[in-house]
Amino acid sequence: MRVVALVGDLLDRSKIAAAIPDAAFASAPEECAGADAVIIDVKAHPGVVAAVRKLVPAARVVVYGRHDNPEALASATSAGADVALPRSRFFHDPAAAITFPP
């Protein structure tokens, strides 16, 4: 499974890399081509969900953001994210978040 993360924060990157060792990190939606799953930090990359969804329509798109900004999470879901989670829930188990439900 090819996982690409649009995440800029170094601490977040290290947590994702620990949970998903083969994850690649990107700075633009175009770098997500061919991904099976895309992780997006909605605070660092607001408004890219629709572009990612268009580029990789079959990918699982997982967005995370601050719990005190539910509007950003709802906007990401409206734009095509499969899942939008508060940071704490996402980082509880990042590998589970990118897995398609059975």
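1. **Strand β1.** In this predicted model, strand β1 is covered on both faces. V3 and A5 are buried on one side. V4 and L6 are buried on the other. In a regular strand, side chains alternate between the two faces of the sheet. The strand itself spans residues 3–6.

2. **Partners of β1.** Strand β1 pairs with β2 in the parallel sense, over 3 bridges. Here L6 has A26 of β2 as its bridge partner. Strand β1 also runs parallel to β3, joined by 4 bridges. On that side A5 stands opposite I39.

3. **The whole sheet.** What is the order of the strands in the open sheet? There are 5 of them, in the order β2-β1-β3-β4-β5, and the pairing is parallel. Strands β2 (24–26) and β5 (83–86) stand at the edges. Each has a single partner strand, so one side of each lacks a neighbour in the sheet. From one strand to the next, the twist averages 25°.

4. **Helix α1 on the sheet.** Helix α1 covers residues 10–19 and packs on the sheet. The helix touches β1, β2, β3 (37–41) and β4 (60–65). Its direction makes about 155° with that of β2.

5. **D12, a buried acid.** D12 is found in helix α1. Is D12 buried or exposed? The cut-off for buried is under 20% relative accessible area. D12 has 1% relative accessibility, so D12 counts as buried. Beyond its neighbours within four places in sequence, D12 is in contact with V7, D41, Y64, R87 and F91. V42 makes a useful reference point: D12 and V42 are 30 residues apart in sequence and 12 Å apart in space, C-alpha to C-alpha.

6. **The D12–R87 salt bridge.** Side chains of opposite charge can pair when their charged atoms come close. The whole structure has 3 salt bridges. One of them joins D12 to R87, with the closest N and O atoms 2.8 Å apart. This pair links distant parts of the chain. D12 sits in helix α1 and R87 in helix α4 (residues 87–92), 75 residues apart. The two ends differ in exposure: D12 is buried at 1% relative accessibility, while R87 is partly exposed at 28%.

7. **The R53–D82 salt bridge.** Which residue forms a salt bridge with R53? The partner is D82, and the closest N and O atoms are 2.8 Å apart. R53 lies in helix α2 (residues 49–55). D82 lies in the loop between α3 (70–78) and β5. The pair therefore ties together parts that are 29 residues apart in sequence. R53 is buried, with a relative accessible area of 16%. D82 is partly exposed, with 40%.

8. **The R66–D68 salt bridge.** The side chains of R66 and D68 also meet in a salt bridge, at 2.7 Å from N to O. R66 is partly exposed, at 44% relative accessible area. D68 is partly exposed too, at 46% relative accessibility.

9. **A stacked pair of rings.** How many aromatic pairs does the structure hold? There are 3. In one of them, Y64 and F90 have ring centres 4.7 Å apart and planes at 10°, so the pair is stacked. Y64 lies in strand β4 and F90 in helix α4. The pair thus ties together parts that are 26 residues apart in sequence. Y64 is buried, with a relative accessible area of 0%. F90 counts as buried as well, at 0% relative accessibility.

10. **An edge-to-face pair.** F90 also pairs with F91. Their ring centres are 4.9 Å apart and their planes are at 80°, so this pair is edge-to-face. Both F90 and F91 are buried. Y64, F90 and F91 form one aromatic cluster.

11. **A charge over the ring.** Where does the charged end of K15 sit? It sits over the ring of F91, 5.1 Å from the ring centre. F91 is also one of the contacts of D12, and F91 belongs to the aromatic cluster with Y64 and F90.

12. **Reading it together.** Start from D12 when viewing the model. D12 lies in helix α1, which packs on the sheet. Its contacts include R87, the salt-bridge partner, and Y64 and F91. Those two rings share one aromatic cluster with F90.

Definitions and conventions. Residues are numbered from 1 along each chain as its sequence is written. This is a predicted model: local features need pLDDT of at least 70, side-chain atom pairs count only at pLDDT 80 or more; totals for chains, interfaces and linings use all residues. Side-chain values use heavy atoms; hydrogens and water are left out. Two strands pair if DSSP finds at least two bridges between them. Helices (H or I, at least four residues) and strands (E, at least two) are DSSP runs, numbered from the N terminus. Axes are lines fitted to C-alpha atoms, for helices over the stretch in contact, and angles run from 0 to 180 degrees between N-to-C directions. Contact means heavy atoms within 4.5 Å. A salt bridge is a side-chain nitrogen of Lys or Arg within 4 Å of a carboxyl oxygen of Asp or Glu. Buried means under 20% relative accessible area, exposed over 50%, partly exposed in between (1.4 Å probe, protein chains only). Rings of Phe, Tyr and Trp (its six-membered ring) pair if their centres lie within 6.5 Å; planes under 30 degrees apart count as stacked, over 60 as edge-to-face and the rest as tilted. A charge sits over a ring if NZ of Lys or CZ of Arg is within 6 Å of the ring centre and within 35 degrees of the ring normal.
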